[in-house]
Amino acid sequence: MMAGVGGGNDFQWCFSQVKGAIDEDVAEADIISTVEFNCSGELLATGDKGGRVVIFQREQESKNRLLSRGEYNVYSTFQSHEPEFDYLKSLEIEEKINKIRWLPQQNAAHFLLSANDKTIKLWKISERDKRAEGYNLKDEDGRLRDQFRITTLRVPVLMPMDLMVEASPRRIFANAHTYHINSISVNSDYETYLSADDLRINLWHLEITDRSFNIVDIKPANMEELTEVITAAECHPHQCNVFVYSSSKGTIRLCDTRAAALCDRHSKFFEEPEDPSSRSFFSEIISSISDVKFSHSGRYMMTRDYLSVKVWDLNMENRPVETYQVHEYLRSKLCSLYENDCIFDKFECCWNGSDSAIMTGSYNNFFRMFDRNTRRDITLEASRENSKPRAMLKPRKVCTGGKRKKDEISVDSLDFNKKILHTAWHPKENVIAVAATNNLYIFQDKIN
Amino acid sequence: MEYKVEAHRIMSISLGKIYNSRVQRGGIKLHKNLLVSLVLRSARQVYLSDYYSGACLNAQSEREGNEWDITDSEREKFPPSATECDRVESTEETQPNEQPEKEREYRENDDEVKSDQVDCTSTLQEQNQNSSLDSVAKVSSETPPESITEPKESPSDSAVAERDSTPEANGESHQPPKTHVCSNRKRSAEESESGDSPQKRTKVASSNAKEDEEAEEMDTSNVSNLITIFGSSFSGLLSKESAKPEAEAEDSGQICCDQMLKNLNPWSTAIVAF
């Protein structure tokens with residue numbers, strides 16, 4: 001249990017839904033690679049390694065079932081990206097969706113950006129629930145009527161039809177990234193967005209696809225001198241001239257687009273000095289930042305590295321204001337995790353709506369939540385065993401040494417193939433979406 | 001000692017990852033390869049620091065004396081020009097080493113790469129008994145001043161490190177030659193016209209990113225030797241005896257070398273394309 005949003009009530013996380021196949025054999029294409037709520041929380045989008053996007057919509061709250069909020073049902077499914085081949089470099093381009101970002105809703109339709117390694121697409125998702133009937137020139141089944149048979153003129157009438165959700169690509173932003181895109185972020189001006197790859201960040205206008213501005217370029221003149229890459233980037237939620245990007249060296253740079261056309265010189269530089277006592281072969285890898293997220297307030301930002309989550313105050317560059325250990329017990333296992341490639345896993349992190357809590361994933365289908373006010377933390381598990389409707393989630397604990405208590409799990413028993421890399425928190429309510437390989441779990445708080 | 005084994009293991013794993021990254025779907029992942037190269041470099045530094053701290057202790061080896069002579073004669077015939085190969089070849093016969101076949105194979109590998117520096121330095125290495133240590137010391141020569149100053153400083157260290165260990169005993173004798181190798185190679189690197197492409201190839205094979213200019217001097221023979229070690233599953237590392245185990249090693253090493261060398265070119269092309 002942990003203190004929840006907006007006042008010290010204790011919240012208990014309960015299972016709500018799980019989406020995806022139950023099969024033990026997981027098809028690689030079905031592995032979820034990104035999860036994102038839209039701005040209202042009504043829609044929940046997932047992208048997978050097969051290049052597909054699945055959007056869930058929350059049903060209207062039913063008056064009959066007061067104890068649970070609306071469930072999420074499939075709203076639209078479409079193939080966003082296809083595998084491509086770069087003939088010039090003899091490289092295959094994966095169709096895996098790296099990121100989805102919703103645009104703020106401005107009319108009845110919904111817009112989202114989806115990105116694979118090389119291309120970003122703007123999709124329009126719109127509903128059609130009426131159709132015109134009573135055309136003059138064609139029959140109901142579409143065949144043209146014989147003109148000589150038309151003796152009267154009528155006005156077509158809009159009749160209700162079964163709801164149809166259409167997804168259509170409105171813009172394709174291609175050929176701007178030599179390296180693999182790791183982030184996209186919509187600007188608060190609702191006109192531009194940025195996309196970041198390993199070495200460059202580009203600024204796009206949503207209406208213009210044939211050009212973009214390069215605003216950050218850290219590619220050295222001689223690639224042999226390369227020492228760090230860009231790992232994540234995000235626009236400030238309110239200041240449309242500010243963005244941040246993180247690096248593989250564990251640093252974050254805040255840039256102001258008003259300062260220069262090319263933001264190679266940062267305005268602020270965030271770095272925590274390394275603790276020399278914890279130095280190992282793998283110090284550099286575990287300090288690489290895998291995700292950076294601004295708080296909703298815009299005052300703080302959060303970074304995720306392999307073992308911890310750090311909250312930074314934008315006004316203080318020399319160290320984070322809060323550090324939370326996600327799975328410190330893995331520090332002694334870094335060599336094995338290097339061998340099996342787990343040390344390269346890129347965990348994401350997210351804020352809750354009021355910025356009072358943060359969440360991130362771990363192994364064995366565990367995910368962790370930290371309450372910033374009470375400093376309490378909780379470990380929960382996304383598993384089919386706990387998937388009875390409204391079943392309360394029991395806190396989990398990893399035994400780090402000594403005698404293992406009942407219900408604890410030892411570090412060596414953790415399943416490193418079951419990793420939770422992608423999580424999302426509803427922007428307004430205590431509803432969370434957790435991607436566990438090919439399954440999407442939705443949990444809600446139990447209203448007392 | 002455990003440090004060395006662990007460092008070697010990590011180095012071999014890292015090289016395997018870099019190799020496998022080429023065949024992974026979606027192309028080479030720059031971020032992951034950069035991190036792997038950093039681990040590779042850390043492991044190498046640990047291995048070498050351990051090597052140098054122990055290598056200075058044994059000053060009684062006869063081989064040391066022989067190799068001094070050879071090295072001096074080598075150096076005299078080692079001008080920083082493009083025709084080093086022939087001269088080096090001629091000096092090989094004077095070497096009391098047990099692996100003439102191995103040298104020839106290395107030279108074939110080097111011809112593949114077409115690097116003058118590579119030819120000379122790898123042949124110099126072959127003077128020494130322990131090929132694995134050669135490669136290790138070779139690898140060290142690319143790290144900047146530290147590797148060059150360490151041999152000079154180490155006699156002053158009275159570290160109690162593994163006196164009994166054979167590799168160190170052999171290794172210590174190699175230090176002064178290696179110092180000269182460093183300086184010679186540096187000069188030849190600067191004057192060589194074809195400096196860029198072999199540097200790129202080798203850099204790519206062992207490490208995706210370097211911070212120092214001296215690092216760029218590491219060449220394919222380093223990687224070849226590293227591959228030989230790993231191909232021989234450490235048997236070349238620890239064995240004092242030469243002929244049989246090392247003959248076996250060189251076979252598997254040869255195969256590994258060829259594989260690695262074949263793959264170096266496309267990799268460097270990819271990097272250059274980037």
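## Close-up views of a predicted model

**View 1. A:Arg101 faces a partner in the next strand.** In S11(A), A:Arg101 has A:Leu113 as its bridge partner. The model shown here is predicted. Strand S10 (residues 99-102) of chain A pairs with S11(A) in the antiparallel sense, over four bridges. S11 itself spans residues 110-115 of chain A and is mostly covered. Of its six residues, five are buried.

**View 2. S11(A) and S12(A) form a hairpin.** Four residues lie between these two strands. Strand S12 covers residues 120-133 of chain A. Six bridges join S12 to S11(A), and the two run antiparallel. One bridge can be picked out by its residues: A:His110 has A:Ile125 in S12(A) as its partner.

**View 3. Four strands of chain A make an open sheet.** The order is S26-S27-S28-S29, with antiparallel pairing. Strand S26 (349-351) and strand S29 (377-381) of chain A are the edges, and each pairs on one side only. On average, neighbouring strands of this sheet are turned by 20 degrees against each other, direction ignored. Three bridges connect S26(A) with strand S27 (residues 357-361) of chain A, and these strands run antiparallel. Look for A:Trp351 here: its bridge partner in S27(A) is A:Ile358.

**View 4. A:Asn365 sits in a loop of chain A.** The loop runs between S27 and strand S28 (366-371) of chain A. A:Asn365 is buried, and its relative accessible area is 9%. Leaving aside neighbours within four places in sequence, A:Asn365 is in contact with A:Leu380, A:Glu381 and A:Ala382. A:Asn365 also contacts A:Lys418, A:Lys419, A:Ile420 and A:Ala436, with the same neighbours left aside.

**View 5. The largest nonpolar core draws on two chains.** This core holds 38 residues. Five of them touch the most other members: A:Phe282, A:Tyr306, A:Leu330, A:Tyr338 and A:Ile343. Helix H1 (283-287) and helix H2 (334-339) of chain A each supply at least two residues of this core. Helix H1 (2-21) and helix H2 (30-55) of chain B each do likewise. The largest share, eight residues, comes from H2(B). Apart from this core lies another, of 18 residues. Among its members are A:Phe15, A:Ala357, A:Ile420 and A:Ile432.

**View 6. A:Tyr306 and the residues it touches.** Residues up to four places away in sequence are not counted here. A:Tyr306 touches A:Ile286, A:Ser288, A:His327, A:Leu330, A:Leu334 and A:Leu337. A:Tyr306 also touches A:Cys342, A:Ile343, A:Asp345, A:Phe347 and A:Tyr363.

**View 7. A:Phe282 and A:Tyr338 form a tilted aromatic pair.** A search of the whole structure finds 20 aromatic pairs over all chains. In this one, the rings lie 5.0 Å apart, centre to centre, with 40 degrees between the planes. A:Phe282 lies in the loop between strand S21 (268-270) and H1 of chain A, while A:Tyr338 lies in helix H2 of chain A, so the pair ties together parts that are 56 residues apart in sequence. A:Phe282 is buried, at 4% relative accessibility. A:Tyr338 is buried too, at 0%.

**View 8. A:Phe367 and A:Phe443 form a stacked aromatic pair.** Their ring centres are 5.5 Å apart, with 25 degrees between the planes. The pair links distant parts of the chain. A:Phe367 is in strand S28 of chain A, and A:Phe443 is in strand S34 (residues 439-445) of chain A, 76 residues apart. A:Phe367 counts as buried, at 0% relative accessibility. A:Phe443 counts as buried at 1%. Together with A:Phe15 and A:Tyr441, A:Phe367 and A:Phe443 form one aromatic cluster.

**View 9. Two cysteines without a disulfide.** The structure holds zero disulfides over all chains. A disulfide needs two cysteine sulfur atoms within 2.5 Å. For A:Cys39, the closest cysteine sulfur is that of A:Cys235, 13 Å away and therefore too far for a bond. A:Cys39 is partly exposed, with a relative accessible area of 42%. For A:Cys263, the closest cysteine sulfur belongs to A:Cys255, at 5.3 Å, so this too is too far for a bond. A:Cys263 is buried, at 2% relative accessibility.

Terms used:
Residues numbered from 1 in each chain as written. Chains lettered and ligands numbered in written order. Predicted model: local features only at pLDDT ≥ 70, side-chain atom pairs only at ≥ 80, totals over all residues. Heavy atoms only, no water. Pairing = 2+ DSSP bridges. Axes fitted to C-alpha atoms, helices over the stretch in contact; angles between N-to-C directions. Buried < 20%, exposed > 50% of the residue type's maximum accessible area, 1.4 Å probe, protein only. Contact = heavy atoms within 4.5 Å. Core = buried A, V, L, I, M, F, W, Y, C linked by side-chain atoms within 4.5 Å. Phe/Tyr/Trp six-rings, centres within 6.5 Å; stacked < 30°, edge-to-face > 60°.
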